[in-house]
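Colleague: Hi! I'm new to this one, so could you walk me through it?
Modeller: Happy to, let's put it on the screen.

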Amino acid sequence: MIQRINSDLVAGALGVVVCAVFWFNRGTLSPLSGAFPDAVLVVMLAVSGALLVKGVISADICPAFPDGNAGRVMAMIAGLGLWWLGIRYVGFLVTSTTMFFVIALSLAAAVETLSLRRALFFAAVAIVIVGGFYLVFTQILYIRPFRTPLP
Amino acid sequence: MDLLLAAIPQILQPHMLITIFVGVAAGLLIGSLPGLTATMALAVLLPFTFNMDALQGLAALGAIYMGTIYGGAFTAILINTPGTPSSIATTFDGYPMAKQGRALEAISAATIASVIGGLVGVTALLVLAPPLARLAVTFGPAEMFWVAVLGLTLIASLSSDSLLKGALGGCIGLMLGTIGVSPVGGETRFTFGIPAMQGGVSLIVALIGLFVIPEILSMAARGRAALTAPADMSLERFNFLPVLRKVISKPVNIIRSCVIGQIVAIIPGAGGNITSLVAYNESRRASKDPESYGKGNVDGLVASESSNNVMVAGSMIPLLTLGIPGAPPDAVILGVLMLHGLRPGIELFTESGVLTNGFILSMGLAALMMLPVGLLGGRLVYRSILKTPHYFLIPTILIVTILGTYALRNNVTDVLIMLGMGVAGYFLRIIGIYAAPIVLGLILGTIAEQGYTQTILGGMADAVPQLRLLDNVLSQILFALVILALISTLLPRWLGRKRGTTGPGTPPPGNE
């Protein structure tokens, strides 16, 4: 069953939450630094309020996951999170090669039957592509890699 | 004129032509990588020009600059990812065209528009530099505020399915732009206790996150790439001439976009991203068929690409005449001028006139070379993307975006912000809040705030300091343009709703 949401209500609620987050982190700003964000927050609150009213009166209902497979989206988001943690605490080259391999393999598994030979090919592609970009960025463009235990 | 004629044989020497060709190709390659901006391309490739003489070095950098701005259109069209911020508006119609199997037509149109824009910019630089430079210095904080507000009216155009959600997206962008150090007061705001947030949310980080990651997540959910190859690749064969005819059959669109590009380019700090957005908006507003914008209308693509390429040479006007960089990459060019002992000003057009005219003409040559380099390079990139299986394409795009984001400031927190904004952008897109208004708010917020606060500061002794915003004729003209822009966008929609002709649920420009 396709889950549906009231997008006006969700957008309005989100606007109120964002306003609250910024307002409670405002602290004591001088008029010079506070005038513009305050004005934007007021407008944002008004727009959010209007969206909440519209959500009750004539709601715009849309599917929660219009692209199809929600599980794959969640898995990809988790993968992105792990990727960042790996880059931060393990090493760019090692993490990115691993993540490239895992993502490529999982996406391919949805459309074809994978063998060990095919998996090895995927691993080789991951090493070549990630290694190639890493070398271009560090050796040609002189981007200094982030300090981590592994490369 | 003598100086101009004396410069021609110098730039037509074989080593100069090769330098310009290589510069355009290198710029195109870097520009097509998300995250790598024209400023970064120039800064990175600057050391290669140290061994060159002044003219060759400047010609190389001018060619790289032009190639980078143009190269940003490739990924904007093919994978909905602006290679540089100047290509944001190119995604609005370029990507829908690619999805309709018209990618090569879009690339060709972008190439033609870029070449025309580049040539117009160079001509303007040659002919109009001194009077336009005088106009540029009349733009004070109040005028900049109204230019930013004029750009913000684009949100109304970008939100054809829900103005409220577009406005909310714009407000989110404006608030994201306030994170970090206040541009006038100098206080640190909204850092949420995270020291790394003091630098604010970088535009490029937001751009990559909001445009790339939602598309990646969408591709992953669908289990296929965004672009699908035509069943028969030969179907993609098409003639260049019909596209050329189509583009030049609407001269008003090109002329208007070039004029907008030229005017915005000479305003210091405005930059190509604003240029293309304003030109796109005006093109849509003036069109007889505005509803087709955002669904693959080639006129929108032409407006964006011609205006942002006018900006390349156009932004040199304040640089060469007043020493004020019109856009961030111009600061690198200024550095090279200084390196060779050249000082901006009238001497540059008299004592060093041959060199200066040679540099300007070399940018014209670079614009012309974009045609062969772009058409060949464009086909190559297109075919590479089409032939790469989605399970390799998706992680490859992720690698480039992560590296590109990190490379901006050598900061892993930027990568986290990019990924976080991307995931948020995906869910916001589901509820109808698209990336374009958010990015627009982020770009224009800082300019608007700076202009507003500086104007108010200047009027502190007045009874109503806000009246300073409309203190002079130029501000009043810009204010009138803002009102006109809002009326011309909202009135037809309101009338359409009254007649019941507005179709619901269609994604607005840039939001597909």
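Modeller: One term before we start: buried means under 20% relative accessible area. Also keep in mind that this is a predicted model.

Colleague: Good to know. Is B:D299 buried or exposed, then?
Modeller: B:D299 is buried, because its relative accessibility is 9%, and the cut-off is under 20%.

Colleague: Where does B:D299 sit, and what does B:D299 touch?
Modeller: B:D299 belongs to helix α14 of chain B, which covers residues 298-314. Leaving out residues up to four places away in sequence, B:D299 touches B:K250, B:N253, B:S283 and B:Y293.

Colleague: Let's switch to chain A. How many helices and strands does chain A have?
Modeller: Chain A has five helices and two strands. Going along the sequence, the pattern reads β-α-α-β-α-α-α. Of the 151 residues in chain A, 37% are buried.

Colleague: And how many residues of chain A are in contact with chain B?
Modeller: 69 residues of chain A are in contact with 62 residues of chain B. Between them the two chains bury about 5800 Å², with 81% of that on carbon and sulfur atoms.

Colleague: How many residue pairs are in polar contact across that interface?
Modeller: The rule finds eleven such pairs, with both residues at pLDDT 80 or more. On chain A's side, the elements that give two or more residues are α1 (7-24), α2 (31-57), β2 (61-63), α3 (70-89), α4 (92-109) and α5 (116-140). The largest share, 13 residues, comes from α2(A). By class, chain A's side has 50 nonpolar, nine polar and ten charged residues.

Colleague: How many salt bridges cross between chain A and chain B?
Modeller: The rule finds two across that interface, while a search of the whole structure finds eleven over all chains. One pairing is between the side chains of A:D8 and B:K165, at 3.3 Å from N to O. That pair crosses from helix α1 of chain A to helix α9 (residues 163-177) of chain B.

Colleague: Are A:D8 and B:K165 buried or exposed?
Modeller: A:D8 counts as buried because its relative accessibility is 1%. B:K165 counts as buried too, at 3%.

Colleague: What about B:E449 and B:R189?
Modeller: Their side chains meet in a salt bridge at 2.6 Å, N to O. B:E449 lies in helix α21 (residues 435-458) and B:R189 in strand β2 (residues 188-189) of chain B, so the pair ties together parts that are 260 residues apart in sequence. Both B:E449 and B:R189 are buried.

Colleague: And where do B:R285 and B:E282 lie?
Modeller: Both are in helix α13 (residues 271-286) of chain B, three residues apart, about one turn of the helix. Their side chains form a salt bridge at 2.8 Å, N to O. B:E282 is partly exposed, with a relative accessible area of 22%.

Colleague: Which residues are joined into one network by salt bridges that share partners?
Modeller: Those are A:D8, A:K54, A:D60 and B:K165.

Colleague: New topic: how many disulfides are there?
Modeller: Zero over all chains. As for cysteines, A:C62 is buried at 11% relative accessible area, and B:C258 counts as buried at 5%.

Colleague: Last one: what does B:P214 touch?
Modeller: Not counting residues up to four places away in sequence, B:P214 touches B:G209, B:G422, B:G425, B:Y426 and B:R429. B:P214 is in helix α10 (residues 203-222) of chain B and is buried, with a relative accessible area of 1%.

Technical notes. Residues numbered from 1 in each chain as written. Chains lettered and ligands numbered in written order. Predicted model: local features only at pLDDT ≥ 70, side-chain atom pairs only at ≥ 80, totals over all residues. Heavy atoms only, no water. Contact = heavy atoms within 4.5 Å. Buried area = accessible area lost by both parts, 1.4 Å probe. Salt bridge = Lys/Arg side-chain N within 4 Å of Asp/Glu carboxyl O. Polar contact = N/O pair within 3.5 Å; in protein donor to acceptor, adjacent residues only side chain to side chain. Helix = DSSP H or I, 4+ residues; strand = E, 2+ residues; numbered from the N terminus. Nonpolar A, V, L, I, M, F, W, Y, C, P; charged D, E, K, R; others polar. Disulfide = S-S within 2.5 Å. Buried < 20%, exposed > 50% of the residue type's maximum accessible area, 1.4 Å probe, protein only.
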